[in-house]
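Dear colleague,

Please find below the structure that I am handing over to you. A short account of what was found in it follows.

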Amino acid sequence: MNATDPPAALASPRAGVAVQVLGLVKHFGAVKAVDGVTFDIGTREIFGILGPNGSGKTTTIRMLCGLLKPTAGTALVAGADVATQPERVKNGIGYMSQAFGLYGDLTVEENLRFYGGVYGLEAALAGRIAWAKQRMLLAEFGARLAAKLSGGQRQRLALGCALLHQPPVLFLDEPTAGVDPAARRLFWQIIRGLSADGTTIIVTTHYMDEAERFDRLAFLSRGHLTAFGTPTEVKRTFGEGMSLEDIFVKLQESEA
Ligand SMILES: Nc1ncnc2c1ncn2[C@@H]1O[C@H](COP(=O)(O)OP(=O)(O)O)[C@@H](O)[C@H]1O
Ligand SMILES: [Mg+2]
């Protein structure tokens, strides 16, 4: 279909599908940031959106979070349409942006309390803060200022904040950028645990060596989907015996 074709009707989400992306387009003037992308993400999947800088990952995520109106096309996320029901989408998702706003001059506990208030948790708040501290391995650091945390601890606190309202779908934009390898491993362990508990998790990364960690992935080049599937399927399609990193380098070169 053409990028500008209207999307087919999205009556209701298919069973087992947490996110349905249909002909999604975002143009910023002459810049075609996302140019007609269609794919599904299954419930509980750890789904990767990969691509070099400027390929449209953040723009895609922001549309899927109901924060940016598509130029054309739409998506169903957590049962709501991002183009026509963005407020409903926002209630059903957690979002950790590339510049997630933690308050350095507040403690771990105070940051969690602040975000819990934003989500209007009230009676459930104390229990959710305890959950977040325990799950994000921050139980000992409740009284520490966020500014005094390590990069990995800060990233886990941000993740805890994004999950306080127990969203079924979680979006993480470049969560491992600038985080050291040990903290990255810990982070991936936590992500796998969240997925096992039933959360659908969409992660963008420009680290091609993280590609093997995803159940399925979409590779974007200049706003287009150029590869899609499980790591095994992508390798079978583009080069048996090649690493995913090599395949993505090849795809980038053929787009350039
Ligand atoms: N608000 C904006 N206004 C104009 N251009 C934008 C805007 N946001 C993103 N772009 C452009 O869209 C393209 C995709 O950007 P982005 O989605 O941030 O890519 P990625 O996250 O993969 O690095 C880039 O060319 C970028 O410069
Ligand atoms: Mg980005």
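**Helix H1 and the sheet**

Helix H1 lies across four strands, namely E3 (46-50), E7, E8 (200-205) and E9 (216-221), and its direction makes about 155° with that of E7. Please bear in mind throughout that this is a predicted model. Helix H8, residues 244-255, also packs on the sheet, where it touches E3, E9 and E10. The direction of H8 is at about 30° to that of E9.

The sheet itself is open and has six strands, in the order E6-E7-E8-E3-E9-E10, with mixed pairing. Its edges are formed by E6 (93-96) and E10 (224-229), each of which pairs on one side only. On average, neighbouring strands of this sheet are turned by 15° against each other, direction ignored. At one end of the order, E6 and E7 (residues 169-173) run parallel and are joined by four bridges. Within this pair, Gly94 stands opposite Leu170 of E7.

How many of the residues of H1 are buried? The helix is mostly covered, with seven of its eight residues buried. These are Lys57, Thr59, Thr60, Ile61, Arg62, Met63 and Leu64. Just after H1, Gly66 adopts a positive phi of about 75°.

**The surroundings of ligand 1**

H1 also takes part in the shell around ligand 1, to which it gives the largest share, three residues. Both H1 (57-64) and strand E2 (31-42) supply at least two residues of this shell. The complete list of residues around the ligand is Phe28, Val31, Ala33, Gly51, Asn53, Gly54, Ser55, Gly56, Lys57, Thr58 and Thr59. By type, the shell comprises seven polar residues, three nonpolar ones and one charged residue.

**The nonpolar core**

The largest nonpolar core has 67 residues, and those touching the most other members are Val19, Leu64, Ala75, Val77, Ile93 and Phe171. Strand E1 (residues 17-28) contributes the largest share of this core, six residues. For Phe171, the contacts beyond its neighbours within four places in sequence are Ile61, Leu64, Cys65, Ile93, Gly94, Tyr95 and Ile202.

**Three individual residues**

Ala218 lies in strand E9. Why does Ala218 count as buried? Ala218 is buried because 25 other C-beta atoms lie within 10 Å, and 20 or more are required for that class. Apart from neighbours within four places in sequence, Ala218 is in contact with Phe39, Ile49, Leu225 and Phe228. The C-alpha atom of Ala218 is separated by 8.5 Å from that of Gly51, although the two residues are 167 residues apart along the chain. Gly51 is itself one of the residues around ligand 1.

Two arginines also deserve a mention. Arg44 is placed in the loop between E2 and E3, and its phi is near 75°, a positive value in a residue other than glycine. Arg222 is found in the loop between E9 and E10; its phi is likewise positive, at about 50°, although Arg222 is not a glycine. Arg44 counts as partly exposed because it has 18 C-beta neighbours inside 10 Å. Arg222 is also partly exposed, with 18 C-beta neighbours inside 10 Å.

With kind regards

Notes:
Residues are numbered from 1 along each chain as its sequence is written. Chains are lettered from A and ligands numbered from 1 in the order in which they are written. This is a predicted model: local features need pLDDT of at least 70, side-chain atom pairs count only at pLDDT 80 or more; totals for chains, interfaces and linings use all residues. A residue is near a molecule or strand if its C-beta atom, placed from the backbone, lies within 6 Å of it. Ala, Val, Leu, Ile, Met, Phe, Trp, Tyr, Cys and Pro count as nonpolar, Asp, Glu, Lys and Arg as charged, and the others, Gly among them, as polar. A residue is buried if 20 or more other C-beta atoms lie within 10 Å of its own, exposed if 12 or fewer, and partly exposed in between; C-beta atoms are placed from the backbone. A nonpolar core is a set of buried Ala, Val, Leu, Ile, Met, Phe, Trp, Tyr and Cys residues joined through C-beta atoms within 7 Å. Two residues are in contact if their C-beta atoms, placed from the backbone, lie within 7 Å. Two strands pair if DSSP finds at least two bridges between them. Axes are lines fitted to C-alpha atoms, for helices over the stretch in contact, and angles run from 0 to 180 degrees between N-to-C directions.
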